[in-house]
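Student: Hi! Could you walk me through this structure while I have it open?
Tutor: Happy to, just send your questions.

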Amino acid sequence: MLKVITVCGNGIGSSLLLKMKVEEIAKENNIDISAESIDSNAAGGKDADLFITVKELASIFKDTQNVAIVRSYTNKKKISEDILPILNELNN
């Protein structure tokens, strides 16, 4: 099971919507994940197989952390295009 964390500025709305879309995409592609949504301040101290966020927040992560940049918090098609190759790679 992959541990995935979705990240937005405040950890309330956008990251929760993104988390739900990521869970749908993973389920549709038979990828077993455990997802959590958090704010950008808490993200630095967390451990996960993959962090998913927008480009504006990508710089908060260490080089050793896997980060996927999405173009949208809500557009499932764009999210899928941005994260599915990475999820598949981590899942294999």
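Student: Which residues of α1 are buried?
Tutor: In this predicted model, the buried residues of α1 are S15, L18, K19, V22, I25 and A26. Buried means under 20% relative accessible area, exposed means over 50%, and partly exposed is in between, with a 1.4 Å probe and protein chains only. Helices (H or I, at least four residues) and strands (E, at least two) are DSSP runs, numbered from the N terminus.

Student: Where around the axis do they sit?
Tutor: They are on the same side of α1, because they cover an arc of only 130° around the axis. That arc is taken from the directions from the helix axis to the C-beta atoms. As background, an α-helix has 3.6 residues a turn, so residues three or four places apart point the same way.

Student: And what does the face turned away carry?
Tutor: There you find the exposed residues K27 and E28.

Student: What do the buried ones pack against?
Tutor: Their partners are β1 (2-8), β2 (33-39), β3 (50-53) and α3 (76-91), where contact means heavy atoms within 4.5 Å.

Student: Any ground rules on numbering and cut-offs?
Tutor: Residues are numbered from 1 along each chain as its sequence is written, and side-chain values use heavy atoms, with hydrogens and water left out. As this is a predicted model, local features need pLDDT of at least 70 and side-chain atom pairs count only at pLDDT 80 or more, while totals for chains, interfaces and linings use all residues.

Student: Switching to the sheet: in what order do the strands come?
Tutor: The order is β2-β1-β3-β4, in an open sheet of four strands with parallel pairing. Two strands pair if DSSP finds at least two bridges between them. β2 and β4 (67-69) stand at the edges with a single partner strand each, so one side of each is left without a neighbour in the sheet.

Student: How many bridges join β3 to β4?
Tutor: Three, and the two strands run parallel. T53 stands opposite I69 in β4.

Student: Last topic, the largest nonpolar core. Which residues touch the most other members?
Tutor: V4, V7, V22, I33, I52 and I83, out of 28 residues. Such a core is a set of buried Ala, Val, Leu, Ile, Met, Phe, Trp, Tyr and Cys residues joined through side-chain atoms within 4.5 Å. The largest share, five residues, comes from β1.

Student: What does V7 contact?
Tutor: Leaving aside neighbours within four places in sequence, V7 is in contact with residues including S15, I38, F51, I52 and Y73.
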